[in-house]
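Please open the structure in your viewer and keep the selection panel at hand. The stops below are given as selections to make, one after another.

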Amino acid sequence: MSGNFVKFAELGRKIVGVGRNYRDHAAELGSAIPEVPLLFMKPATSYITEGTPIKIPKGCTSLHHEIELGVVIGQKGTDIPEGNAMNHVAGYVLALDMTARDFQNVAKQKGTPWDLAKGFDTGCPVGKFIPKASISDPHNLELWCKVNGALKQKGNTKDMIFKIPYLISYISQYFTLEPYDMILTGTCRCKWVSKGDVIQGGLANLAEIKFKVVGAGGS
Ligand SMILES: O=C(O)/C=C/C(=O)CC(=O)C(=O)O
Ligand SMILES: [Mg+2]
């Protein structure tokens, strides 16, 4: 797959989220560690790139940022063996899995889907595509997130419970993975944001992102 994958977020493929893949995040939400990957989907309409603000979804009173490593798929596959999984990776991206935590808490209590909490417009800000060759070990990368300059999240991808080859293999047993799909690999921790805040994130010395948060009305 060529390095010219920059516009993957505009090509409209699916986003598969992995939840509770870091012990610290599961613990801070009082959630059990999953025995198999906990999956959810975000529609491609949730993608935004730098320059477009994150809009607090209508009625949301607790919007959280989750800084995550995104894995961008480059080769189609179903039932991908773990040993071959990395051949399906085109590259990576630094992403924010924005989560309407209040919507999610209601859904968790009622046992209903997380779609509204995860899949709203602007809920998946991403940075630039990073070709696979630029990262020798995706399981040893520092991740950080600041809000208005104050550090809110700091973690390392080495702490993922389920590693990338296993995630690709597991997901592809249920959803065919296609070029330009993206897997959000989970977050180390989370915090909330408000209208007017500026979120910045970093992935080792490879990528940085910056997004402004606006209200439901767009200001
Ligand atoms: O309620 C929970 O335990 C987890 C909530 C999430 O939003 C999961 C994630 O997206 C994540 O762990 O990254
Ligand atoms: Mg997440």
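Begin this tour of a predicted model by selecting ligand 1 together with the residues around it, which number 14, and look for Gly 19, Leu 29, Ser 31, Gly 186 and Thr 187, the ones that come nearest. Next, highlight strand β1 (15–19) and helix α1 (23–28), since these are the elements that give two or more residues to the shell around the ligand. If you then colour that shell by class, you should find two nonpolar, eight polar and four charged residues.

Now widen the selection to residues 14–214, where UniProt, in an unreviewed entry, places the feature "domain: Fumarylacetoacetase-like C-terminal". Over this stretch the chain is 14% helix and 36% strand, and the C-alpha atoms at its two ends are 25 Å apart.

For the next stop, centre the view on Cys 124, which is found in strand β9 (residues 124–126). Is Cys 124 buried or exposed? It counts as buried because 27 C-beta neighbours lie inside 10 Å, the cut-off for a buried residue being 20 or more. Show its contacts, leaving aside neighbours within four places in sequence, and you will see Ile 15, Lys 42, Ser 46, Tyr 47, Ala 95, Asp 97 and Met 98. A distance drawn between the C-alpha atoms of Cys 124 and Val 18 should read 13 Å, although these two residues are 106 residues apart along the chain.

Turn next to an open sheet of five strands, and trace its order as β4-β16-β15-β11-β12, with mixed pairing. At its edges are β4 (54–55) and β12 (150–156), each of which pairs on one side only. Within this sheet, select β15 (residues 198–203) and β16 (residues 207–214), which pair in the antiparallel sense over six bridges; here Gly 201 can be found opposite Ile 209 of β16.

Finally, select the largest nonpolar core, which has 57 residues, and label those with the most contacts inside it, namely Val 71, Val 72, Val 93, Ala 95, Ile 168, Met 182 and Ile 183. Strand β7 (residues 89–96) gives the largest share of this core, with seven residues. Ala 95 also appeared earlier, among the contacts of Cys 124. To end the tour, centre on Ile 168 and, not counting residues up to four places away in sequence, display what it touches: Ile 80, Ala 85, His 88 and Leu 177.

Definitions and conventions:
Residues numbered from 1 in each chain as written. Chains lettered and ligands numbered in written order. Predicted model: local features only at pLDDT ≥ 70, side-chain atom pairs only at ≥ 80, totals over all residues. Near = placed C-beta within 6 Å. Helix = DSSP H or I, 4+ residues; strand = E, 2+ residues; numbered from the N terminus. Nonpolar A, V, L, I, M, F, W, Y, C, P; charged D, E, K, R; others polar. UniProt positions renumbered as here; feature names shortened; annotations may be inferred. Buried ≥ 20, exposed ≤ 12 C-beta atoms within 10 Å, placed from the backbone. Contact = placed C-beta atoms within 7 Å. Pairing = 2+ DSSP bridges. Core = buried A, V, L, I, M, F, W, Y, C linked by C-beta atoms within 7 Å.
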